[in-house]
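Subject: The two-chain model, with some notes

Hi,

Here is the structure I promised to pass on. Please have a look at it first, and then read on for what I found.

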Amino acid sequence: MHATFETMGTVVSLEWSGDEQALDAVRGIFEDADHRFSLYRPDSELRQVADGSLELLDASSELREVYATALGWRGETGGAFTPHRPDGAVDLNGIVKAWAMAEAGRALGDGDWCLNVGGDVLVSGQAASGAPWVVGIVDPADRTTLLTAVPLVGGRRAAATSGSAERGDHIWTRGREGAEFVQVTVVADDIVKADVFATATVSGGTITLDDVTGRFNIDVLTVDGEGSLRVTPRMRALIAHSVEQAAVAR
Amino acid sequence: MRRRAAVASILASAGVILAGVQVGAAVTAARTPTATGTGSGSSNGGSTSGTGTSSGTSSGSTGSTGSTGAAKDGTFNGTTVQTPFGPMQVAAVISGGKLTDVKVLQRTNQGGRSIQISNQADPMLRNEVLQAQSANVSTIGGATYTSEGYLQSLQAALDQAGFAG
């Protein structure tokens with residue numbers, strides 16, 4: 001089955017082998033997250049926290065859990081990822097989508113499914129063809145074309161991409177001269193981890209890239225302002241595989 | 001045949017990755033299918049050995065492993081090449097006839113100590129990734145789009161195709 005719906009200012013595309021109930025569960029998870037965490041909804045819980053009308057300690061356990069998770073990742077990335085805006089307000093936009101995706105993944109269970117939320121991807125099992133799920137990565141210089149394709153194999157179920165071009169306001173780069181990377185894709189076993197490291201690498205540039213690839217079991221593809229690519233060794237092998245598959249298919 | 005070609009390509013490309021830092025006849029091990037595979041119990045014996053090991057870079061991508069029977073499940077190690085971080089090797093894991101993993105193997109140096117393989121990101125040329133554009137993809141990953149941006153996105157086109165199908 002295949003369905004799309006709008007939430008959190010973007011679009012969810014779900015392909016799954018289950019029933020309508022599973023879709024309803026996924027939809028409900030994203031709607032709840034949007035109501036609780038959107039800074040654009042005047043009635044959201046996070047907006048009340050940002051306004052100061054609700055103390056963080058009085059917030060729901062869900063909000064505090066997400067905030068605590070985000071603070072943990074801030075530590076892991078040396079501050080390149082942070083749940084605060086430059087003015088100090090709590091902004092969980094950088095993690096809420098991935099967090100909701102992980103929740104949706106737990107609801108969908110162990111079957112065959114592919115969840116795409118605004119260009120971030122979480123999968124389980126395999127595609128209908130029996131082959132691994134393959135994520136096409138958009139070329140930031142021309143969004144109507146694919147830069148490459150990456151199969152999700154070996155327990156790496158998540159692919160998150162962050163960019164400094166589109167919706168650039170949600171990443172605060174640390175350098176004054178703007179981002180070194182216009183697009184960063186991270187493949188990992190966990191969507192929150194992938195999303196955090198993609199965001200952090202756009203924010204922190206080469207220093208963050210070298211740091212997180214050295215310490216974590218992740219695969220990374222970066223695109224800089226001139227269109228040049230950098231890849232980790234395993235990402236290179238995965239891309240080589242999809243290039244070969246494309247050549248064979250011709 | 002296609003599968004073998006794909007496997008061969010991965011392994012050959014693993015050689016290409018590191019060819020830039022490989023000097024002279026530094027290949028230290030032949031392609032050696034191992035028995036560490038996937039539980040199906042069938043590894044490929046020695047049937048793929050000897051492919052491309054002399055150059056480590058140029059052969060293998062056209063199915064030159066295909067002179068023996070059908071490719072089987074197992075873990076297939078690529079050629080070991082020398083890098084600034086020590087000898088390095090990539091393995092393709094095939095299970096149920098499908099690629100299920102690509103592993104960057106750790107090697108030990110001559111002193112027997114384990115060498116941590118660097119996971120550092122290095123440059124990749126555009127022409128090494130171009131052919132993937134026509135790959136049959138399941139979904140589209142890209143920097144976050146808005147609901148409006150979605151309408152012009154490749155994902156939207158793919159979703160339309162999904163409904164049509």
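Let me begin with chain A, which has 6 helices and 10 strands. Its radius of gyration is 18 Å, close to the 18 Å that the globule rule gives for 250 residues, so chain A is as compact as a globular protein of that length. Measured out along the principal axes, the C-alpha trace of chain A spans about 60 × 50 × 30 Å. Please keep in mind that this is a predicted model.

Helix packing in chain A

Two helix pairs are worth opening in your viewer, and both involve helix α4 of chain A, residues 93–108.

In one pair, the axes of helix α1(A), residues 20–37, and α4(A) come within 9 Å and cross at roughly 155°. An angle over 145 degrees counts as roughly antiparallel, and α1(A) and α4(A) are therefore roughly antiparallel to each other. Their crossing is right-handed. On the α1(A) side the contact is made by A:Ala22, A:Ala25, A:Val26, A:Ile29, A:Phe30, A:Ala33 and A:Phe37, and α4(A) contributes A:Val96, A:Ala100, A:Glu103, A:Ala104, A:Ala107 and A:Leu108. By class, the residues of this contact divide into 12 nonpolar, no polar and 1 charged.

In the other pair, helix α3(A), residues 61–76, and α4(A) have axes that come within 10 Å and cross at roughly 115°. The range for roughly perpendicular is 65 to 115 degrees, and α3(A) and α4(A) are therefore roughly perpendicular to each other. Here too the crossing is right-handed. A:Val66, A:Thr69 and A:Ala70 of α3(A) meet A:Ile95, A:Val96 and A:Trp99 of α4(A). This contact has 5 nonpolar residues, 1 polar and no charged. A:Val96 is listed in the contact with α1(A) and also in the contact with α3(A).

A sheet that takes in both chains

Which strands make up the open sheet of 3 strands? Their order is β6(A)-β5(A)-β6(B), and the pairing is mixed. β6(A), residues 142–151, and β6 of chain B stand at the edges, each with a single partner strand, so one side of each is left without a neighbour in the sheet. From one strand to the next, the twist averages 40°.

Within chain A, β5(A) and β6(A) run antiparallel and are joined by 6 bridges; A:Val138 stands opposite A:Leu146 in β6(A). Across the chains, β5(A), residues 134–139, pairs with β6(B) in the parallel sense over 3 bridges, and A:Gly136 stands opposite B:Ile140. Helix α6(A), residues 233–249, lies across β5 and β6 of chain A and runs at about 105° to β6(A).

Where the chains meet

How many residues of chain B are in contact with chain A? There are 48, and they touch 71 residues of chain A. The elements of chain B that give two or more residues to this side are α1 (2–19), β4 (98–105), β5 (122–124), β6 (139–141), α2 (147–151) and α3 (154–164). The largest share, 8 residues, comes from α1(B). By class, the side of chain B that touches chain A has 22 nonpolar, 20 polar and 6 charged residues.

Best wishes

Key:
Residues are numbered from 1 along each chain as its sequence is written. Chains are lettered from A and ligands numbered from 1 in the order in which they are written. This is a predicted model: local features need pLDDT of at least 70, side-chain atom pairs count only at pLDDT 80 or more; totals for chains, interfaces and linings use all residues. Two residues are in contact if their C-beta atoms, placed from the backbone, lie within 7 Å. Helices (H or I, at least four residues) and strands (E, at least two) are DSSP runs, numbered from the N terminus. Ala, Val, Leu, Ile, Met, Phe, Trp, Tyr, Cys and Pro count as nonpolar, Asp, Glu, Lys and Arg as charged, and the others, Gly among them, as polar. Two strands pair if DSSP finds at least two bridges between them. Axes are lines fitted to C-alpha atoms, for helices over the stretch in contact, and angles run from 0 to 180 degrees between N-to-C directions. Angles under 35 degrees count as roughly parallel, over 145 as roughly antiparallel, 65 to 115 as roughly perpendicular and the rest as oblique. A crossing is left-handed if the near helix is turned anticlockwise from the far one by less than a right angle, and right-handed if clockwise. The radius of gyration is taken over C-alpha atoms; the globule rule is 2.2 Å times the number of residues to the power 0.38.
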